[in-house]
Amino acid sequence: MIQIQTDRDQKLTRRLKLHLAMSVREIFDAIALEQNRPVAMRPFDALFMNFAEAPDDILPAKPVKKVGLYCMTVPEEIVYAAGALPVRLCAGSADAAEAGEALFPDVSCPMVKSAAGFTRTGALPFYRQCDLVVIPATCDWKVKLGDILSRHVPVLMLNVPKHKTTETARLFWYDEIRRLCRALEKLTQTRITRARLRASISLIHAAQAEFRRFQDLRADDLCLISGRDAAEVANAWFYMDAASWTGHVRRLNEELHKRKQSGLGVIPKSAPRVLLTGSPVIFPNWKIPSLIENSGGALVCDELCSSGRLLWDMACVDEPLFDDMLDALADRSLMPCTCPVFTDANDRRVKLLRMIRDYRVEGVVHHVLKGCHPYDMELRPLEAELAAAGVSQLKIETDYSPEDTEPLRTRIEAFIETLKGRRLKSGGSF
Amino acid sequence: MRIDRIRLVVQALFFIFLIYGGILGFSIGNAVPTMACIYAEDRGGSCFLYPFQRFMSLPWSTLLAATIVPFLIYLGTFFLWGVVFGKAFCGWICPLGFLQDLLTKARHLLGIDGARFRWASRERFQWVKYALLALLILIPMGIGSSLAGLPKLSGDWAVPFCQICPGKPLLPLFSGDISHLIIDFSSPVKLAMSGLLMGLTGLFLVGGFVKRRWFCLYCPMAALLSLFDRIGLIGLKKKGDTCTRCGNCYRACPMEIREIADIRDRKHMVTQDCMLCMRCIEVCPENKALSATFLGFPVFTASADGFLKRHGGQPPLTQEDLPHDTDSNGS
Ligand code: SF4
Ligand code: SF4
Ligand code: SF4
Ligand code: SF4
Ligand code: SF4
């Protein structure tokens, strides 16, 4: 796919690279001033610094095919089983969103604009180096994203059944997953065998085991890691290969475990415990987690497809046979997914209430990206249900640009103060 | 240790006991609610259904007078078995259940993918076991007394379910007795029934090979044991507020019970086809979402750690460690 870049395009690309590097450096300059940060965060920092310093080195230097993915509904196990490296392309850059703006109507969400911006400009090379980009047709913007990206990269659209509780939906999805298998086999010229599937399920299980351990540590009364760092760890999964990510998180977990034993938290216990849910929070858009914590809150958990939800649901191997394992992967990526593009909102409500209990959450922040209709649509009934359960909530509607930071700060600070007031009233101590 | 492997061992031990126990003189009676076939010579206990059908074929006057005491003792024993073990008979003890699980195991070893019911077909066949149960009561009654003014049935109809039960030809084979693998031409009824039996036995073997526990969906013993689903000492409980409806339990359930995954607002989960095999618990990745209870106390509970441990094995450390050998993947 050869593209003739016009002068204007080249200028756009240069500007995007520059601005991206600036925002990345800004983030890490601020992080450098923080004390008490776990040392094991370093590999993750190094990865994200590469967005500014060495965009070519973001992905592991491996002579394998790269398969770009959007959303959480594509089982990465299958990509690994085909001998390729999955790269999650969901993007969070305000500058890239600007570069992609012209391709979408104003009302679309910044995520697709940003992803299209990166692909169009190639400012992050891997957006163009993917040998195949798999886009599940989840929300309306994703449905059309493929058309836009296919000018630059080969795209495979996956049909996602939205009313997933029916038998037809399941069988349909099983077939789609098989279609994906065949496409990947063709791409890598590697047969996805039973043994390879089983091994890649183990590979992901190992990551999931560390991820669950990480989440357990976050549930501790001591706030062992900031919510922003947790987002960083999860976002790193997008770009690292599974085994090295697992290794880094294992070391981080060990450090956090030691800190737990010596009683060393990163946020004082007086900080109200906050849960973040809604539209994805993707590097470098860590605006909301940072604001919550800079305003005196502790972001102890999140229900986001970019972090807390990412590696939670595990596929079970029942019969160690090809069909059954493939169905298991199809199930695990579809059935428990709480994304609001699906008709049933109950699963998400149950999940949130469980997290509120398990992580002893005092306030919930709903994050809605402007133009992210699925989360917006689901918000009203969800808010009412959580309110009925006595949960304090704050709704934030924003995009990737830093322009609204100050008004947001004011609102979040007020929210945190309310939470503190509530804790005082209910006899809690600081 | 995985429950499905422990279960296979327990089933094997019970199989040996129930098929050969008699050689050493063991017997746990003749009211055992499981397919420990009466036709197996050396059995260590025998199937409830045979004597039950015999009792049912007695004329009312005999059943309710002369044999009332043995009949009540017999029913009482059955009741005790049912309350204490309930459906665990099906999951852990039944020789026919075990044979079907062996067929599944063989299929795994051969690397052949199995089949599943469509939801609609499975629902369509759920009444069969109740119909068989009703018939195995009504037909014998029709031998002993005349029902609704009809003429009495001939003795050829005796123990009608045993005449079509795959246990009859299959289980005696293990004591070297092949005499029940026949088509009986002695009367039209016997001819029809034994012909049917040979057909069903073939279906039992083929069905059990392609589809886990194919026969159990139609088994009248399961219908009987369902009486104890709610009152049995062994329970299966769900905690809906931690369930993600991931569907693992449904996919792994040998009886393909959808409710186990889909229902969130009910606690009690021993449904009509459940055989208390506990497979659903061991594949559930959510802490406490499912648990098996005895007398109301949890004895085995789902957990993420347990899930991961059971899926064990040292995971490959890098992508290059993924195996490169080729095997058949059936696609
Ligand atoms: S789910 Fe929301 S954030 Fe994600 S692509 Fe769709 S609209 Fe954008
Ligand atoms: S033939 Fe079947 S029903 Fe009759 S005794 Fe044997 S196992 Fe039981
Ligand atoms: S349902 Fe299956 S396991 Fe239970 S008694 Fe019948 S054949 Fe045996
Ligand atoms: S396996 Fe557990 S979490 Fe998944 S649907 Fe079943 S009970 Fe729910
Ligand atoms: S519901 Fe659970 S215990 Fe019952 S048959 Fe299915 S897997 Fe076994």
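Here are some worked exercises on the predicted two-chain model shown above.

Residues are numbered from 1 along each chain as its sequence is written, while chains get letters from A and ligands get numbers from 1 in the order in which they are written. Since this is a predicted model, local features need pLDDT of at least 70 and side-chain atom pairs count only at pLDDT 80 or more, whereas totals for chains, interfaces and linings use all residues; side-chain values use heavy atoms, with hydrogens and water left out.

**Exercise 1. Find which residues form the positive and the negative surface patch, and place one member of each.**

Step 1: get the rules straight. A patch takes residues with over 30% relative accessible area and no salt bridge, joining like charges within 9 Å and nonpolar side chains (Val, Leu, Ile, Met, Phe, Trp, Tyr) within 5 Å. The areas come from the Shrake-Rupley method with a 1.4 Å probe, and for residues only the protein chains shown count as cover. Lys and Arg are positive, Asp and Glu negative, with His and the chain ends not counted; the charge sits at NZ of Lys, CZ of Arg, CG of Asp or CD of Glu.

Step 2: the positive patch gathers Arg8(A), Lys11(A), Arg14(A) and Arg15(A). Arg14(A) belongs to helix α1 (residues 7–32) of chain A; helices (H or I, at least four residues) and strands (E, at least two) are DSSP runs numbered from the N terminus. With a relative accessible area of 54%, Arg14(A) is exposed (exposed is over 50%, buried under 20%, partly exposed in between; 1.4 Å probe, protein chains only).

Step 3: on the negative side we have Glu98(A), Glu101(A), Asp106(A) and Glu403(A). Asp106(A) sits in the loop between α4 (94–100) and α5 (110–121) of chain A, and its relative accessibility of 68% makes it exposed.

**Exercise 2. Work out how many residues of strand β5 (residues 273–278) of chain A are buried, and which strand pairs with it.**

Step 1: six of the six residues are buried, so β5(A) is largely enclosed by the rest of the structure.

Step 2: now split the strand by face. In a regular strand, side chains alternate between the two faces of the sheet. Here Arg273(A), Leu275(A) and Thr277(A) are on one side, Val274(A), Leu276(A) and Gly278(A) are on the other, and all are buried.

Step 3: look for the neighbour. β5(A) runs parallel to strand β6 (residues 298–303) of chain A, with five bridges between them (a pair needs at least two DSSP bridges). Leu275(A), for one, has Cys301(A) as its bridge partner in β6(A).

**Exercise 3. Count the salt bridges over all chains, then say where the partners of two of them lie.**

Step 1: a salt bridge is a side-chain nitrogen of Lys or Arg within 4 Å of a carboxyl oxygen of Asp or Glu. That rule gives 53 over all chains.

Step 2: take Arg264(B) and Asp347(A), whose closest N and O atoms are 2.9 Å apart. Arg264(B) is in the loop between α14 (259–262) and α15 (279–282) of chain B and Asp347(A) is in helix α14 (residues 346–358) of chain A, so the pair joins two chains. Both residues are buried.

Step 3: Asp101(B) and Arg213(B) also meet in a salt bridge, at 2.8 Å from N to O. This pair links distant parts of the chain, 112 residues apart: Asp101(B) is in helix α6 (residues 95–110) of chain B, and Arg213(B) is in the loop between α11 (188–210) and α12 (220–225) of chain B. Asp101(B) is buried at 8% relative accessible area, and Arg213(B) is buried at 1%.

**Exercise 4. Pick out the backbone oddities: a cis peptide bond and two residues with positive phi.**

Step 1: recall the baseline. Most residues other than glycine have a negative phi, and most peptide bonds are trans.

Step 2: the bond between Phe283(A) and Pro284(A) is cis, with omega about 0°. Pro284(A) lies in the loop between β5 and α12 (287–294) of chain A.

Step 3: Arg360(A), not a glycine, has a positive phi of about 45°. Its home is the loop between α14 and β7 (363–369) of chain A, and at 35% relative accessibility Arg360(A) is partly exposed.

Step 4: Val159(B) has a positive phi too, near 35°. Val159(B) is in the loop between α8 (128–144) and α9 (160–164) of chain B and is buried, with a relative accessible area of 7%.
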